[in-house]
Amino acid sequence: MAVIPWPLNQSLPAAPAAEDDIAAMAATLIQSRQTILPKRLTAPGPATDELAQILNAAAHAPDHGQLLPWRFVLVPEASRPALAEVFAQALVERDPAAAPGQIEQAREKAFRSPVLMLAVVDTQSGDPEVDAAERLVSAGCAVQNMLLMATAQGYGSALTSGKALKSHSLRALFQVAPTEQALCFISIGTVQSRKAARARPAVRRYVSTLDARRGVVPGF
């Protein structure tokens, strides 16, 4: 069950106290999201209706021009062996001297976490006025929405990347077009174990204010 009672009734103005409660729940949800490595994610994964909620959350990301510059490809259990071979092949292409144990480790990564999907972003198609950076930002927002929904449902999640994403064999397996970029894998499942939450940066480290007289100054 989701932590936040979505959807909110937009037809009725929320009372100030209710708005405060919603803001507090949203803050709790955002602050509780933590990367859980795929090897620490186990079954059960999200049920069909929960997965639908997670995927639907992506649709609410900012998308200038409604280009829908991103897509997600699920990798069900029956397709994991094919992905495993792609991971192994990509490693051998990068390192022909890779040991059998290293190759097997590469294969094993395809079988971690109950839910696995690839995020793909199109950096060129559609309106040429919407540049690649904006499309990547939109994709990042879509992914974060999905991670937060998974967190609200009580699941752990992680993003993983690596050099295999650029391999010809992986691009062929996922039918990644020349204008597209394989962005990252998203893993979702039940948390088997987790590390202590890491310290987050203080706002003062990444926020400044443009002052008309003094230029850019620290803080807000």
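Guide: Buried means under 20% relative accessible area, exposed means over 50%, and partly exposed is in between (1.4 Å probe, protein chains only). This is a predicted model, where local features need pLDDT of at least 70, side-chain atom pairs count only at pLDDT 80 or more, and totals for chains, interfaces and linings use all residues. Residues are numbered from 1 along each chain as its sequence is written, and side-chain values use heavy atoms, with hydrogens and water left out.

Visitor: Okay, is Arg214 buried or exposed?

Guide: Arg214 forms a salt bridge with Asp211, with 3.7 Å between the closest N and O atoms. A salt bridge here is a side-chain nitrogen of Lys or Arg within 4 Å of a carboxyl oxygen of Asp or Glu. Since the relative accessible area of Arg214 is 59%, the residue is exposed.

Visitor: How many salt bridges does the whole structure have?

Guide: Side chains of opposite charge can pair when their charged atoms come close. Glu108 and Arg112 are one example, meeting at 2.7 Å, N to O. Both are partly exposed, Glu108 at 35% and Arg112 at 23%. Searching the whole structure gives a total of six.

Visitor: Which residue forms a salt bridge with Arg107?

Guide: Arg107 is in helix α4, and this partner is in helix α3, 22 residues apart from Arg107, so the pair links distant parts of the chain. Arg107 is partly exposed at 24%, and the partner is partly exposed too, at 41%. The closest N and O atoms are 2.9 Å apart, and the partner is Glu85.

Visitor: Which residues are joined into one network by salt bridges that share partners?

Guide: The Arg107 and Glu85 pair we just met belongs to it. With Glu104 added, the network is Glu85, Glu104 and Arg107.

Visitor: How do α3 and α4 cross: parallel, antiparallel, perpendicular or oblique?

Guide: Two packed helices are described by the angle between their axes and the distance between the axes. Here the axes (lines fitted to C-alpha atoms over the stretch in contact, with angles from 0 to 180 degrees between N-to-C directions) come within 7 Å and cross at roughly 140°. Under 35 degrees is roughly parallel, over 145 roughly antiparallel, 65 to 115 roughly perpendicular and the rest oblique. That makes α3 and α4 oblique.

Visitor: Which residues of α4 make the contact with α3?

Guide: Contact means heavy atoms within 4.5 Å. On the α3 side, the residues are Ala84, Glu85, Phe87, Ala88, Leu91 and Val92. On the α4 side, they are Gln102, Ile103, Ala106 and Arg107.

Visitor: How far apart are the C-alpha atoms of Val92 and His64?

Guide: Val92 sits in helix α3 and is partly exposed, at 33% relative accessibility. Along the chain, Val92 and His64 are 28 residues apart. Their C-alpha atoms are separated by 40 Å.

Visitor: How far away is the nearest side chain of opposite charge from Glu50?

Guide: Glu50 is found in helix α2, residues 48-58. Leaving aside neighbours within four places in sequence, Glu50 is in contact with Gly45, Gln153 and Tyr155. Glu50 is buried without a salt bridge, and the nearest side chain of opposite charge, Arg194, is away by 14 Å.

Visitor: Zooming out, how many helices and strands does the protein chain have?

Guide: Helices (H or I, at least four residues) and strands (E, at least two) are DSSP runs, numbered from the N terminus. From that end, the elements run α-β-α-β-α-α-β-α-β-α-β-β-β. The count is six helices and seven strands.

Visitor: What share of the protein chain's residues count as buried?

Guide: The C-alpha trace spans about 60 × 45 × 35 Å along its principal axes. Of the 220 residues, the buried share is 35%.

Definitions and conventions. Lys and Arg count as positive and Asp and Glu as negative; His and the chain ends are not counted.
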